[in-house]
Amino acid sequence: MKVLHALPACLLLPALAVHAQQPDPLEIVRRSVEKDRLNFERANDYSYVQHTEQRQLGRDGRVSKTESRTFDVLVIDGEPYEKLIAKAGKPLSESEARKEQEKLDRELARRRLEKPDQRARRLTEREKRRREGREFAREIPDAFTFRLAGEQTLDGRAVWIIDAEPRPGFKGRAKRSDLLSKFRGRLWIDQQDYQWVRVEAETIAPVRFGWILAKLDPGARMTFEQRRVHGEVWLPSHAWMRLGARLALLKRLDAEVEVTWRDYRKFQAESRITDVSEVTP
């Protein structure tokens, strides 16, 4: 009889062991946010090509108008500068390319002539924006409740899949942290580097921008993806958004926006500017 009484406990032991080994999704997210801080610093060492395409949708959901632009994003004194290199999937004409190069030359000349106090103010403002971004990211672990939804392999790397729901009553301290309560999402987090490989998010409440001049409706969906570059840093590779919004609270806009990032180059002082003929839009 004692043996029979012991059987249920023995049968439960494997299940308890598996449960004990389950990683804590909140701790995974906390570590990923801290890891991303160092990743954010390293990202400033890279120039890249960015292609943005906006597709305006009609009432039937079909694409009615498409606009696209491709930029070579260069690092100038630690700040990005967007040099237009293509429109509508085609390289710029010779005259357009010359104008873009002249704009870049003027910016480089302006930076060279910048006085020490002007540069100090500019760098202070840049650091302020970076600090606000870091403070916003640190709110994420407290803004949501997390649930481990499973594991998967993406691009040959093991990831955790974590669902995120807004935490009731959350009050953040960072600038615009109130936005976090208006989204739910799913995260794919790399098990080795604790980086966000993929994020899917959806608005669950109206999101206002520009002091109530624009309102993003509930149901807008977004996807963001990153990839490992040069074995040292994770950088954006793809983003997609489908949204319904009202501009100035009057004009209706339904659109898709897609952004791709590629051709990452480690920035060096002696790096030359990418010529438009070298870039395939």
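The buried residues of helix H4 pack against three elements: H2, strand S3 (79–87) and helix H3 (94–112). Those buried residues are Arg122, Arg130 and Arg134. This is a predicted model.

**Chain overview**

The chain holds 5 helices and 13 strands. Of its 281 residues, 34% count as buried. The exposed area is about 17,800 Å². Carbon and sulfur atoms supply 54% of that area. Contacts between residues at least 6 apart in sequence were also sorted by separation: 52% of them join residues at least 24 apart.

**Two helices by length**

| Helix | Residues | Number of residues | Expected span | End C-alpha distance |
|---|---|---|---|---|
| H2 | 25–43 | 19 residues | 27 Å | 26 Å |
| H4 | 116–138 | 23 residues | 33 Å | 33 Å |

The expected spans rest on 1.5 Å a residue. For H2, this gives 27 Å, and the end C-alpha atoms lie 26 Å apart, which agrees. For H4, the expected 33 Å agrees with the 33 Å between its end C-alpha atoms.

**Helix H2**

H2 is one of the elements that the buried residues of H4 pack against. The start of H2 carries a contact from a side chain to the backbone. There, a side-chain oxygen of Asp24 comes to within 3.1 Å of the backbone nitrogen of Leu26.

Which residues of H2 are buried? They are Pro25, Ile28, Val29, Ser32, Val33 and Asn39. In an α-helix, residues three or four places apart point the same way, because there are 3.6 residues a turn.

Notes: Residues are numbered from 1 along each chain as its sequence is written. This is a predicted model: local features need pLDDT of at least 70, side-chain atom pairs count only at pLDDT 80 or more; totals for chains, interfaces and linings use all residues. Side-chain values use heavy atoms; hydrogens and water are left out. Helices (H or I, at least four residues) and strands (E, at least two) are DSSP runs, numbered from the N terminus. The expected span of a helix is 1.5 Å times one less than its number of residues. Buried means under 20% relative accessible area, exposed over 50%, partly exposed in between (1.4 Å probe, protein chains only). A polar contact is a pair of N or O atoms within 3.5 Å; within protein, one must be able to donate a hydrogen and the other to accept it, and residues adjacent in sequence count only if both atoms are side-chain atoms. Contact means heavy atoms within 4.5 Å. Accessible areas come from the Shrake-Rupley method with a 1.4 Å probe; for residues, only the protein chains shown count as cover.
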